[in-house]
Amino acid sequence: MKKYLLVFVAAFLSMGATAQKFDQLAKTPPMGWNSWNKFHCDVSEALIMQAADAMVSTGMKDAGYEYIVIDDCWQVSRDENGEIVPDKDRFPHGMKYVADYVHAKGLKFGIYSSAGSVTCQRRPGGFGHEYQDARTYARYGVDYLKYDWCGSTTQDARSSYTNMRNALYAASRPIVFSICEWGSSKPWEWAGDVGHLWRTTGDISDNWNSMIDIFKRQKDLARYAGPGKWNDPDMLEVGNGGMTTEEYRTHFSLWCMLASPLMAGNDLQNMTPEIKSIMLNKEMIAVNQDSLGRQATCYRDNGDYQIWVKMLSNNEKAICLLNLSDEKKSVLVDFALLAQARSGGRGFGGPPAGVVPGAGMPGAQGIPGGQGAAGAQKAQGVPGLGAPGSMGVPVAAPGAPGGMGPGGQRGLTPLNLENYRVRDLWDHKDLVLKETSMYVDMVPHSVKVYRFIRK
Ligand code: GLA
């Protein structure tokens with residue numbers, strides 16, 4: 001009888017251990033490097049090992065970058081047992097050797113495959129080999145799997161990725177699962193239990209328009225992100241040559257604001273000082289890695305001028321002013337109002353929680369005398385108020401009921417400018433505010449990022 005009871009208890013316990021994703025991983029957005037954006041199929045053992053070396057020697061590891069991920073083209077075929085076969089010319093010692101090297105540097109190792117029968121470069125995909133591949137990856141010492149969507153036919157995305165999630169779980173090695181389905185089946189709606197991050201769009205290219213187009217597509221997705229589950233607007237292009245330094249600074253800042261994974265995609269061995277100072281901006285990285293895990297929401301959208309807010313732990317916040325236009329802008333910024341700004345609740349992209357409806361709506365920009373911008377009234381007496389390019393910020397009504405969705409900060413004491421010092425995260429200086437409002441000059445395609453730090 002006792003024996004039966006034991007068997008029953010064991011069966012019950014094993015039922016409890018049903019497949020799931022490894023849920024203690026990626027509590028903050030994953031940071032690392034991936035070979036694709038710069039090197040495409042030109043990957044090799046030497047390249048990956050050099051990237052690991054550079055990750056350490058450049059200070060990137062110390063700044064928080066952790067994963068070294070080999071993207072497509074490391075694999076060439078399957079053997080007679082269906083085992084995946086790495087490219088012997090490019091990886092002569094096999095994948096475990098590379099993984100061991102990466103681990104010895106104190107870093108983590110990632111690899112790539114696809115849920116279809118072939119990868120995007122027509123290498124063997126994972127379809128039909130999920131459990132076998134997961135065991136193989138565990139044997140290699142893989143810590144991160146990027147799983148693409150090429151070669152898929154009539155597969156259902158959610159079932160396919162869930163199948164691979166289960167396979168990874170069964171293989172018993174904690175592996176961050178990066179879903180790369182390009183947003184086609186709205187993975188943000190179903191992938192929270194399946195993967196740790198999911199691509200929301202097609203591939204990024206190394207130019208301003210592509211980067212900004214992807215950025216704009218993240219606007220309504222903030223509610224889906226949080227610790228262990230991140231929207232992925234694709235890997236960084238910073239340093240690859242197709243944008244200006246200013247544009248790369250904007251790219252990096254926006255990805256930090258969005259709590260996006262920060263996967264460098266450049267040649268780490270050959271970074272200019274300007275690129276290093278972007279990739280290694282620890283104050284921006286701290287915004288990205290904040291433990292609250294909030295994705296920024298759009299607080300004001302005047303088309304080519306926007307304000308984004310990312311709530312941070314300890315009732316702090318990062319505010320990003322974004323000049324999308326090709327013109328210089330001088331914008332009137334009311335820091336007292338920004339001190340009260342919060343992320344939107346439901347309906348991101350709409351008026352933020354607690355904002356008096358109609359006050360200072362986007363039309364307030366450039367209205368002579370600041371009329372119509374309730375927020376601008378506070379700034380009366382500031383020279384040039386309402387001059388073209390100035391922007392009123394709406395009055396926040398701290399503690400106003402309603403509107404606190406998952407992105408809101410219910411229960412937090414509303415704070416004012418007196419409770420904060422305001423730090424410019426690119427100048428690395430606290431602002432000296434003579435008035436609560438100030439004109440800020442912005443060159444084309446640039447950002448200003450301020451952290452409101454509790455005094
Ligand atoms: C797809 C992915 C890219 C990259 C390539 C590799 O296009 O979206 O990020 O992995 O495949 O072939």
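The following paragraphs lead through the confidence of the model, the surroundings of its ligand and its internal cavities.

This is a predicted model, in which local features need a pLDDT of at least 70, side-chain atom pairs count only at pLDDT 80 or more, and totals for chains, interfaces and linings use all residues. Residues are numbered from 1 along each chain as its sequence is written, and side-chain values use heavy atoms, with hydrogens and water left out.

The protein chain has an average pLDDT (the predictor's confidence in each residue, from 0 to 100) of 86, and 81% of the residues score at least 70. Over residues 8-16 the pLDDT stays under 50, and the model shows zero contacts (heavy atoms within 4.5 Å) beyond four places in sequence for them. Residues 345-408 also have a pLDDT below 50, yet this stretch has 129 contacts beyond near neighbours in sequence. Where pLDDT is low, predicted coordinates should not be read in detail.

Around the ligand stand residues with a heavy atom within 4 Å of it, among them W36, Q121, K146, C180, R199 and D203. This shell comprises five nonpolar, one polar and six charged residues. An oxygen atom of the ligand lies 2.5 Å from an N or O atom in the side chain of D203. For R199, the corresponding distance from a side-chain N or O atom to a ligand oxygen is 3.3 Å. The ligand alone exposes 300 Å² (Shrake-Rupley method, 1.4 Å probe), of which the protein buries 94%.

The largest cavity has about 90 Å³ of space, a volume filled by probe spheres set on the grid points. Its lining includes K146, C180 and R199.

Methods
Polar contact = N/O pair within 3.5 Å; in protein donor to acceptor, adjacent residues only side chain to side chain. Nonpolar A, V, L, I, M, F, W, Y, C, P; charged D, E, K, R; others polar. 1 Å grid on protein atoms, 1.4 Å probe; cavity = no way out; pocket = protein on both sides within 12 Å on 5 of 7 lines; lining within 4 Å.
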